[in-house]
Amino acid sequence: ALLRDYYRHCRAHPATLLMRLFGAFCVRTADGELCHFTILAESATHVSVLARAPALSGVTDDAAAAARFELVGLYDLKGSLVNRSARAGATVQLDRDFLSATGGGGLRVEAGRRRRWHLLRQLRFDVELLHRYNLMDYSLLVALFVRR
């Protein structure tokens, strides 16, 4: 039931903030050992999908419009500072890195009323699905863009 509802949720809410699951597989290696794995959307790809969602962002799939923005930071936030610093050179930064980059967390995101409404609405839909199955998703992927 969870997989079916997750699929329906992603179809009904293309701007979902939940990680995209493409499949769960089990294969037998040449030496007979079972190997289980999942395929998830790459974080940067997922961010790209979100950035193109007109209700959530001014960035579009149009190359000219996309050229006006530059990705300056990608952060995986869990709301904890314990072991939450990325290794040097990591593409995705963590909570402590976010605090450093934003002057101690003093960053204020202003998206406008309409975008805020759409974002909060989508979060509500996503949380309803997670709540229905007593699941907790405690990571928020944040991408910071600046105009060029």
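Me: Why is cysteine 10 called buried?
Reply: Cysteine 10 has a relative accessibility of 14%. Buried means under 20% relative accessible area, exposed over 50%, and partly exposed in between (1.4 Å probe, protein chains only), so cysteine 10 counts as buried. The model is predicted: local features need pLDDT of at least 70, side-chain atom pairs count only at pLDDT 80 or more, and totals for chains, interfaces and linings use all residues. Residues are numbered from 1 along each chain as its sequence is written, and side-chain values use heavy atoms, with hydrogens and water left out.

Me: What makes cysteine 35 buried or exposed, or something in between?
Reply: The relative accessible area of cysteine 35 is 33%, which places this residue in the partly exposed class. Buried residues make up 26% of the 148 residues in the chain.

Me: How many disulfides does the structure hold, and how do you know?
Reply: The structure holds zero disulfides. A disulfide is a pair of cysteine sulfur atoms within 2.5 Å. For cysteine 35, the closest cysteine sulfur belongs to cysteine 26 and lies 7.7 Å away, too far for a bond.

Me: What makes the contact of arginine 4 and aspartate 5 a salt bridge?
Reply: A salt bridge is a side-chain nitrogen of Lys or Arg within 4 Å of a carboxyl oxygen of Asp or Glu. The N to O distance of arginine 4 and aspartate 5 is 3.4 Å, so the pair satisfies the definition. Arginine 4 is partly exposed at 43% relative accessibility, whereas aspartate 5 is buried at 14%.

Me: Which residues are linked with Arg4 in a network of salt bridges?
Reply: The network links Arg4, Asp5 and Arg132. Arginine 132 meets aspartate 5 at 3.7 Å, N to O. Arginine 132 lies in helix 5 and aspartate 5 in helix 1 (residues 2-12), so this pair ties together parts that are 127 residues apart in sequence. Helices (H or I, at least four residues) and strands (E, at least two) are DSSP runs, numbered from the N terminus.

Me: How many salt bridges does this rule give, and which residue pairs with arginine 84?
Reply: The count is three salt bridges. Arginine 84 pairs with aspartate 95, their closest N and O atoms being 2.8 Å apart. Arginine 84 sits in the loop between strand 3 (69-77) and helix 4 (95-101), and aspartate 95 in helix 4, eleven residues apart. Both arginine 84 and aspartate 95 are buried.

Me: How do you know which residue is the nearest side chain of opposite charge to aspartate 126, and what is the distance?
Reply: Lys and Arg count as positive and Asp and Glu as negative, while His and the chain ends are not counted. On that basis the nearest is arginine 20, 8.1 Å away, and aspartate 126 is buried yet has no salt bridge. Aspartate 126 lies in helix 5 (residues 112-132).

Me: What joins the side chains of aspartate 126 and threonine 16?
Reply: They are joined by a polar contact of 2.8 Å. A polar contact is a pair of N or O atoms within 3.5 Å; within protein, one must be able to donate a hydrogen and the other to accept it, and residues adjacent in sequence count only if both atoms are side-chain atoms.

Me: In which sense do strand 1 and strand 2 pair, and what supports this?
Reply: Strand 1 (residues 21-28) and strand 2 (residues 34-40) pair in the antiparallel sense over seven bridges. Two strands pair if DSSP finds at least two bridges between them, so the criterion is met. Leucine 21 stands opposite leucine 40 in strand 2.
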